[in-house]
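Please open the model in your viewer and keep the sequence panel beside it. The tour below moves from one selection to the next, with a short account of what is found at each stop.

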Amino acid sequence: MAQERLDKILAKQGFGTRKDARRLIRQGLVGVNGAVCKAPETHIETSTDVLTVEGKTLVLKTHYYFMMNKCAGVVCSAKDGLHKTVFDLLQETPPVTPLRKVPTEMSCSESDTDEVDTDKVGTDKVGADSVDTDKVGTDFSDSVGSDFIAPVGSDADADILAPIRQSIISGELHLVGRLDIDTEGLLLLTTDGGLTHRLISPKSHVTKTYYIRLETPVSPEEQKTYSLQAEKGILIAPEGNDEEYLCKPAALTWISPLECTLVITEGRYHQVKRMMAALGNKVLYLKRQAIAELHLDETLQPGQYRELREEEILLLE
Ligand code: URA
């Protein structure tokens with residue numbers, strides 16, 4: 001039995017942010033088991049309770065949450081004329097553990113009961129996915145059709161891959177942030193736009209932990225200076241479309257004169273490489289080890305992926 005707060009469920013189902021969901025609930029537009037429920041904190045038993053929004057029964061949609069150990073040489077975009085994309089990887093090989101759930105389309109059907117006060121209908125948020133996938137990850141709206149390669153391997157592989165492929169084609173499966181082509185490690189992909197929004201919105205302070213190997217050895221004395229600078233905030237030079245920027249305090253921990261881990265709470269373009277460049281060094285190898293308390297499953301070989309376990313999803317919420 002899985003219990004979850006009502007506002008959280010609605011946000012996950014595409015009714016906007018949790019704030020949007022709370023507004024909807026307080027407006028009296030949401031019903032639980034036939035009665036209007038105006039308390040966003042109400043705990044819902046997702047397998048048995050019946051939810052309605054504006055009088056229509058909500059068929060709860062299950063989401064995909066994947067972690068991939070991204071390998072170097074693969075790009076985090078929908079299409080690339082030159083390089084393989086992470087979406088190509090997803091379609092070529094099944095996840096290393098069997099899929100636990102297959103997302104179903106969220107659908108609303110007319111409710112038999114009419115106990116929800118539909119007079120108050122009036123928000124254009126209902127049914128809309130408030131997360132702009134252009135901003136939060138990748139927009140796949142133009143990627144339907146023949147650009148997607150056919151899955152390779154057995155017929156069984158093709159069957160397993162079909163729903164994943166469908167969620168890519170529909171644009172629902174998207175990246176939670178990106179890694180550079182040469183960066184390895186933890187990459188999240190999900191159909192849950194609410195989670196993505198919470199993890200990568202500029203207001204979020206979710207930590208990202210990186211393992212770094214540098215070009216030039218750093219003496220113990222300099223290591224202290226680097227770490228102090230990181231703690232104070234490093235001014236990074238403009239790059240690409242991103243201007244000069246004073247980074248938020250970060251934690252730099254040394255493993256050896258050439259290796260360290262860096263914990264940052266933001267995700268600017270080439271941020272780690274720019275931070276190290278500002279300190280006068282160069283990143284030769286970069287790997288993301290964790291997002292918040294979710295650590296990369298090191299048993300995943302580069303390029304492999306699997307669904308997150310329930311307890312791992314909770315680490316991100
Ligand atoms: N910082 C970088 O410089 N590159 C990445 O891929 C991630 C963070």
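Leaving aside its neighbours within four places in sequence, with which residues is T97 in contact? Select T97 in this predicted model, in the loop between α3 (86-92) and β10 (107-110), and display what surrounds it. Once the neighbours within four places in sequence are set aside, T97 is in contact with R306 and E307. The C-alpha atoms of T97 and R306 lie 5.8 Å apart in space, although the two residues are 209 residues apart in sequence. T97 has a relative accessible area of 33% and is therefore partly exposed.

**The chain as a whole**

Zoom out and colour by secondary structure: the protein chain comes to nine helices and 20 strands. Of its 317 residues, 49% count as buried. Among the contacts in the protein chain with a separation of 6 or more, 71% are accounted for by residues 24 or more positions apart, and the link from T97 to R306, with its 209 residues of separation, can be kept in mind as an example.

**Helix α3 and strand β9**

Next select L89, which is placed in helix α3. L89 counts as buried, because its relative accessibility is 9% and the cut-off for buried is under 20%. Not counting residues up to four places away in sequence, L89 touches M68, C71, V74, K84, G303 and Y305. To see one of these partners in terms of the backbone, draw a distance between the C-alpha atoms of L89 and M68, which are 21 residues apart along the chain and separated by 9.6 Å.

From there, go to T85 in strand β9 (residues 84-85). T85 is buried, with a relative accessible area of 1%, and, when residues up to four places away in sequence are not counted, T85 touches V74, V75, S77, A78, K79 and D80. V74 is thus a residue to keep on display, since it is touched by T85 and also appears among the residues that L89 touches.

**Aromatic rings**

Now show the aromatic side chains. A search of the whole structure finds four aromatic pairs. The rings of Y226 and W254 have their centres 5.5 Å apart and their planes at 65°, so this pair is edge-to-face, the cut-off for that class being over 60 degrees. The pair links distant parts of the chain, with Y226 in helix α7 (residues 220-232) and W254 in strand β16 (residues 251-256), 28 residues apart. Both partners can then be checked for accessibility: Y226 counts as buried at 7%, and W254 is buried with a relative accessible area of 18%.

Add Y64, F66 and Y305 to the selection, which form one aromatic cluster. Y305 was met earlier in the tour, as one of the residues touched by L89. For a ring with a charge placed over it, select Y245 together with R268: the charged end of R268 sits over the ring of Y245, 3.8 Å from its centre.

**The cavity**

Turn on a display of internal space. The structure holds one cavity of 30 Å³ or more, and about 30 Å³ of space lies in the largest cavity. Select its lining, which is made up of Y65, F66, V176, L188, L189, T190, L195, L308 and L316. The elements that give two or more residues to this lining are β7 (65-70) and β12 (184-190), and β12 gives the most, with three residues. By class, the lining has eight nonpolar, one polar and no charged residues. F66 belongs to this lining and is also a member of the aromatic cluster with Y64 and Y305.

**Two backbone stops**

Most residues other than glycine have a negative phi. Two loop residues are therefore worth a look at the backbone. N33, in the loop between β2 (30-32) and β3 (35-36), has a positive phi of about 50° although it is not a glycine. N33 counts as partly exposed, at 48% relative accessibility.

Finish at A292, in the loop between β18 (283-291) and β19 (294-295). A292 likewise has a positive phi, near 50°, in a residue other than glycine. With a relative accessible area of 19%, A292 is buried, because the cut-off for that class is under 20%.

Methods:
Residues are numbered from 1 along each chain as its sequence is written. This is a predicted model: local features need pLDDT of at least 70, side-chain atom pairs count only at pLDDT 80 or more; totals for chains, interfaces and linings use all residues. Side-chain values use heavy atoms; hydrogens and water are left out. Rings of Phe, Tyr and Trp (its six-membered ring) pair if their centres lie within 6.5 Å; planes under 30 degrees apart count as stacked, over 60 as edge-to-face and the rest as tilted. Helices (H or I, at least four residues) and strands (E, at least two) are DSSP runs, numbered from the N terminus. Buried means under 20% relative accessible area, exposed over 50%, partly exposed in between (1.4 Å probe, protein chains only). A charge sits over a ring if NZ of Lys or CZ of Arg is within 6 Å of the ring centre and within 35 degrees of the ring normal. On a 1 Å grid over the protein atoms alone, a cavity is a set of points where a 1.4 Å probe fits but cannot get out, and a pocket is an open set with protein on both sides within 12 Å along at least five of seven lines; lining residues have an atom within 4 Å of a point. Grid points are joined across faces, edges and corners, and a volume is the space filled by probe spheres set on the points. Ala, Val, Leu, Ile, Met, Phe, Trp, Tyr, Cys and Pro count as nonpolar, Asp, Glu, Lys and Arg as charged, and the others, Gly among them, as polar. Contact means heavy atoms within 4.5 Å.
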